[in-house]
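Please open the model in your viewer and keep the sequence panel beside it, so that each stop of this tour can be selected in turn.

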Amino acid sequence: MAQNERQVGKMDKTPYRQAVSALPPRLREAALALPEPLQNRTEEVRLRAGWPMTAVLGADELPLGETPVSPGDLEQLLELASRASVHAVLPQLRRGYLSLEGGHRLGLCGTVSLEDGEVRTLRRLSSAAIRVARQVPGAAGEVLPGLCREGVLRSTLILAPPGLGKTTLLRDLIRCVSEGEGAVPLRVGLADERGEVAALAQGLPQLAVGRRTDVLEGCSKARGLLLLLRSMNPQVLAMDEITEPEDIAALESAAGCGVTLLATAHGERREDLRRRPLYRSLPQFMEKLVLIHRQEGIRTYQVEELL
């Protein structure tokens, strides 16, 4: 086992406990009072001013205590999540969320302050959502054989609505390919803009992405892909959430260099690739498509050919 994965194994907090550690003490205590089996199933913790905090478990939302969340609680949450350096996280705040240690995400709502037509910051916070990031070793086992040719991974797009586990599947695919688990081992370059896939801490991934994976975080996905391509000689390039035309251009450029690609995007069905202008060129250089659905609370995976 690689050294970085030994470090991951030593983490003494469950993903849920790590995610709610950013909450103010009163709310943290209420969140930790949730029975452990339910903690292990919680996907998000929701805070809305004037209402009790809730835990999201699939289609259900369970109250965490009875005391309503106050605007002051939300301000304290932001203070704790930013480690008392709100100014340092303004670039993320402008996108409406913060990335937390461990790959968790804090989404925020409130009054948007604009400057020259662009989001400057959020103020007078009204609600927040902490999305719990979980590592699921073996998540890729069901789909990986269908994504390979003679054991070698082909360029793959993962398509699903928010909250269905695109990042979880991407992370485990990276780990499998990097470790040679179910596929020929390859060098992977991961452009982890928000630190949600590998969750680097002092240079060590907190979430296992494999011994042959090089992680670049903190810069845009498009720029990160091209930096990795130039500097690390990857055989696979991976990124989470295609959102900008620059992401598509970087992927297409990497494909032209003979690199295998792994990426995720928001959508429900194959037709979305034709319906959304941003996605229309993807079938020209991505070979495989994984669709994720939820049926009666169970995630299902569907592999299709794109090329």
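Begin by selecting the hairpin of β1 and β2, where three residues lie between the strands and G50 takes a positive phi near 95°. Remember, as you look, that this is a predicted model. The two strands, β1 at residues 44-48 and β2 at residues 52-57, run antiparallel and are joined by three bridges. To find one of these pairings, select V45 and then A55, its bridge partner in β2.

Now show the whole chain as a cartoon, in which ten helices and 17 strands can be followed. Of the 307 residues in the chain, 48% are buried. The accessible surface comes to about 14,700 Å², and carbon and sulfur atoms hold 50% of that surface.

Next, select the seven strands that form an open sheet with mixed pairing, taking them in the order β13-β10-β14-β15-β9-β16-β17. Which strands stand at the edges? They are β13 (213-217) and β17 (298-305), and each has a single partner strand, so one side of each is left without a neighbour in the sheet. If you turn the sheet while you look along it, you can follow a twist that averages 20° from one strand to the next.

Stay at the β13 edge and add β10, residues 188-192, which runs parallel to β13 and is joined to it by five bridges. One pair to pick out here is D192 with its bridge partner in β13, E217. Then select helix α7, residues 166-179, which packs on the sheet and touches β9, β10, β13, β14, β15, β16 and β17. The direction of α7 makes about 170° with that of β15.

For the last stop, select helix α9, residues 245-256, and check its length with the distance tool. Its twelve residues should span 16 Å at 1.5 Å a residue, and because its end C-alpha atoms are 17 Å apart, the model agrees with that expectation. Which residues of α9 are buried? They are D247, I248, A250, L251 and A254. Seen down the axis of α9, these buried residues fall within an arc of 165°, so they line one face of the helix. That buried set packs against α8 (221-231), β14 and β15, whereas P245 and G256, on the other side of α9, are exposed. Finally, move just past the helix to G258, which follows α9 and has a positive phi, near 85°.

Key. Residues are numbered from 1 along each chain as its sequence is written. This is a predicted model: local features need pLDDT of at least 70, side-chain atom pairs count only at pLDDT 80 or more; totals for chains, interfaces and linings use all residues. Side-chain values use heavy atoms; hydrogens and water are left out. Two strands pair if DSSP finds at least two bridges between them. Helices (H or I, at least four residues) and strands (E, at least two) are DSSP runs, numbered from the N terminus. Axes are lines fitted to C-alpha atoms, for helices over the stretch in contact, and angles run from 0 to 180 degrees between N-to-C directions. Contact means heavy atoms within 4.5 Å. Buried means under 20% relative accessible area, exposed over 50%, partly exposed in between (1.4 Å probe, protein chains only). Accessible areas come from the Shrake-Rupley method with a 1.4 Å probe; for residues, only the protein chains shown count as cover. The expected span of a helix is 1.5 Å times one less than its number of residues. The arc is that of the directions from the helix axis to the C-beta atoms.
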